[in-house]
Amino acid sequence: MCLVSVRASENIEKSIIPERMMPNTVIVYVSESKYIILKGGEANIKEFNENCLTESEQSYADLHLKRAIEYSNASSSSIIWVSNPKPNTGTIIEYDTEGFIKNIRSKNISQRSALPIGTTSPVGTYVWGSLNNTLTVTATSVRGTGRATTYGYSNSSNDVYDQYSNVLKKGDIATRQDYDNPAYGTSVIVVAARASDGALLAKYMSKVDIGALPNAIIDIWKSGVEYWGYTPSTTLSLYNVSYSYNR
């Protein structure tokens, strides 16, 4: 739910982590139900619906959910709704350049650890984030659909090196660490719409990294979006993107 704008450092009562804030906002919880804004501010409710999404984003979220239902029915699996952890004192939430949750940091909350490399979740369909990112795991395959973010724009080690400390390159991607961590170098098929005409185009890419991805299905290392005719940018996200591989 979107909130009205408030001043930085003013206590705000909300025991559920806000799905959306102004771009690049950082908040810290001072109790289990109150936080203060360290940087940025609340999302402007006039720009979004009750889910803190624009009309276009909501249409993609609906499409992602439709895919989840289709995949769940096809695989005879149940839908498992993945929630953000409950915050407590000291929890820090960082938001990305579009205002979606980028990272949740705290020593005091229970968060799922990264899966062992070469493993994925039990059979089922998992849905997370306001954009209804969907991961469907069957006995023979894994398929994800949702928002694709991009990274690699800073000099930090996470933007330069992959999970085995090799230099990241065009064609590399990261998956959500606590739900799908296939073997290093796994070849995955990524399907996205071309910038020029919206036609879907499939490319083979390499899974060499993992990330938190609280509101995305994959993270594409910056120059990879050029395969679909996009210019790498810190503010670029792609929607209705899918990736798949056989187990």
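# Close-up views of a predicted model

**Figure 1. A salt bridge joins Asp197 and Arg194.** Aspartate 197 is partly exposed, with a relative accessible area of 47%. The model shown here and in the other views is predicted. The partner, arginine 194, is partly exposed as well, at a relative accessible area of 31%. Their side chains meet at 2.6 Å, N to O. Elsewhere, salt bridges with shared partners join Asp96, Glu98 and Arg147 into one network. A search of the whole structure gives nine salt bridges.

**Figure 2. Glu94 and Arg105 pair across two strands.** The side chains of glutamate 94 and arginine 105 form a salt bridge, with an N to O distance of 3.1 Å. Glutamate 94 sits in strand β5 (residues 92-95) and arginine 105 in strand β6 (residues 101-105), so this pair ties together parts 11 residues apart in sequence. Buried or exposed, or in between? Glutamate 94 is partly exposed: its relative accessible area of 22% is over the 20% below which a residue counts as buried. Arginine 105 is partly exposed too, with a relative accessible area of 38%.

**Figure 3. Arg147 and Asp96 form a buried salt bridge.** The side chains of arginine 147 and aspartate 96 meet at 2.9 Å, N to O. Arginine 147 belongs to strand β10, while aspartate 96 lies in the loop between β5 and β6. The two residues are 51 residues apart, and their pairing links distant parts of the chain. Both arginine 147 and aspartate 96 are buried.

**Figure 4. His64 is buried in helix α1.** Histidine 64 lies in helix α1, which spans residues 55-75. Its relative accessible area is 0%, so histidine 64 counts as buried. Which residues does histidine 64 touch, not counting residues up to four places away in sequence? They are Leu131, Asn132, Thr134, Thr145, Gly146, Arg147, Tyr239 and Asn240. One of these, Arg147, is the buried partner of aspartate 96. Isoleucine 218 is 154 residues from histidine 64 along the chain, and their C-alpha atoms are separated by 14 Å.

**Figure 5. The largest nonpolar core holds 23 residues.** Leu135, Val190, Ile218, Ile220 and Tyr243 touch the most other members. Elements that give two or more residues to this core are β8, β9 (133-137), β10 (141-151), β13 (186-193), β15 (218-221) and β16 (238-246). β16 gives the most, with four residues. Take isoleucine 220. Leaving aside neighbours within four places in sequence, isoleucine 220 contacts Ala148, Thr149, Thr150, Tyr151, Asp172, Ile173, Met205, Val225 and Trp228. A second, separate core has 10 residues, including Ile17, Ile27, Ile93 and Ile104. In soluble globular proteins, nonpolar side chains tend to be buried together.

**Figure 6. Fifteen residues line the second largest pocket.** The space in this pocket is about 270 Å³. Of the 15 lining residues, Ile16, Glu19, Val82, Ser83 and Asn84 are the closest to the centre of the pocket. Strands β4 (79-82) and β8 (124-128) each supply at least two lining residues. What is the make-up of the lining by class? There are eight nonpolar, five polar and two charged residues.

**Figure 7. Glu19 contacts residues far along the chain.** Glutamate 19, one of the residues closest to the centre of the second largest pocket, lies in the loop between β1 (12-13) and β2 (26-29). Neighbours within four places in sequence aside, glutamate 19 is in contact with Asn84, Tyr95, Gly99, Phe100, Ile101, Gly129, Ser130 and Asn215. Isoleucine 101 is 82 residues away along the chain. The C-alpha atoms of glutamate 19 and isoleucine 101 are separated by 6.2 Å.

**Figure 8. Cys52 and Leu213 have positive phi values.** Phi of cysteine 52 is near 65°. Cysteine 52 lies in the loop between β3 (34-39) and α1. This residue is buried, with a relative accessible area of 1%. Phi of leucine 213 is near 45°. Leucine 213 lies in the loop between β14 (200-211) and β15. Leucine 213 is also buried, at a relative accessible area of 8%.

How values were computed. Residues numbered from 1 in each chain as written. Predicted model: local features only at pLDDT ≥ 70, side-chain atom pairs only at ≥ 80, totals over all residues. Heavy atoms only, no water. 1 Å grid on protein atoms, 1.4 Å probe; cavity = no way out; pocket = protein on both sides within 12 Å on 5 of 7 lines; lining within 4 Å. Points joined across faces, edges and corners; volume = space filled by probe spheres on them. Nonpolar A, V, L, I, M, F, W, Y, C, P; charged D, E, K, R; others polar. Core = buried A, V, L, I, M, F, W, Y, C linked by side-chain atoms within 4.5 Å. Buried < 20%, exposed > 50% of the residue type's maximum accessible area, 1.4 Å probe, protein only. Contact = heavy atoms within 4.5 Å. Salt bridge = Lys/Arg side-chain N within 4 Å of Asp/Glu carboxyl O.
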